[in-house]
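Please look over the sequence and the model that follow, and keep both at hand while reading the paragraphs below.

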Amino acid sequence: MTDKINPYAAAPQLMKSWTALSTAIGESLEPSLIELVKIRSSQINGCANCINMHSFEARAKGETEQRIYLLSAWREAPCYTDRERAALAWTEALTEIAKGHSHSAAREALNWEFTEEEQVKLTLMINIINGWNRIAVGFDLWYDMPMRAAA
């Protein structure tokens, strides 16, 4: 058995910078959209830690259970806006970029729903969450989120 590496202890200054960048980018677009992107990317990457964390954070920011549960089937679910659909398609295209570069439809939807500046912000957010997924999966990180009391 090997000991886990704590990236915050092993490289504190870089992790502090990474976290600060992540926070700044995460605050650059509407919170509900950011959380949906984080959850969807984490689902694709199989990052249980990030799915757990961002589902909790999405709920705290007012996201509904229905929209969180349906996120993996967003194309068929009627509860997402055109802007959210464009962001989710772009998230999938970039997260799965190794599968091929056929993202023209996602790019077209992105152009309809986001300004050029917003496209850069969204792309940076997708890159950040993909990075966090790799850190969490790579170092086997798990952060328990407090449970909400039943209504």
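In what follows, Lys and Arg count as positive and Asp and Glu as negative, while His and the chain ends are left out of the count. On that basis the protein chain of this predicted model carries 15 positive and 19 negative charges, and the mean positions of the two sets lie 2 Å apart.

The secondary structure of the chain consists of eight helices and zero strands, so that its pattern along the sequence reads α-α-α-α-α-α-α-α. With a radius of gyration of 16 Å, close to the 15 Å that the globule rule gives for 151 residues, the chain is as compact as a globular protein of that length. Its C-alpha atoms fill a box of roughly 45 × 40 × 30 Å along the principal axes, and among contacts with a separation of 6 or more, 67% join residues 24 or more positions apart.

Turning to the interior, 40% of the 151 residues count as buried. In soluble globular proteins, nonpolar side chains tend to be buried together. Here the largest nonpolar core has 34 residues, and F114, L122 and M125 have the most contacts inside it. At least two residues of this core come from each of α2, α3, α4, α6, α7 and α8, with α8 giving the most, namely eight residues. F114 itself, leaving aside residues up to four places away in sequence, touches L33, R83, A86, A87, Q119 and L122.

Beyond the core, the segment after α8 holds D140, which has a positive phi of about 55° although it is not a glycine. D140 is partly exposed, with a relative accessible area of 47%. For the chain as a whole, the accessible surface comes to about 9000 Å², of which 58% belongs to carbon and sulfur atoms.

Methods. Residues are numbered from 1 along each chain as its sequence is written. This is a predicted model: local features need pLDDT of at least 70, side-chain atom pairs count only at pLDDT 80 or more; totals for chains, interfaces and linings use all residues. Side-chain values use heavy atoms; hydrogens and water are left out. A nonpolar core is a set of buried Ala, Val, Leu, Ile, Met, Phe, Trp, Tyr and Cys residues joined through side-chain atoms within 4.5 Å. Buried means under 20% relative accessible area, exposed over 50%, partly exposed in between (1.4 Å probe, protein chains only). Helices (H or I, at least four residues) and strands (E, at least two) are DSSP runs, numbered from the N terminus. Contact means heavy atoms within 4.5 Å. The radius of gyration is taken over C-alpha atoms; the globule rule is 2.2 Å times the number of residues to the power 0.38. Accessible areas come from the Shrake-Rupley method with a 1.4 Å probe; for residues, only the protein chains shown count as cover. The place of a charge is taken as NZ of Lys, CZ of Arg, CG of Asp or CD of Glu.
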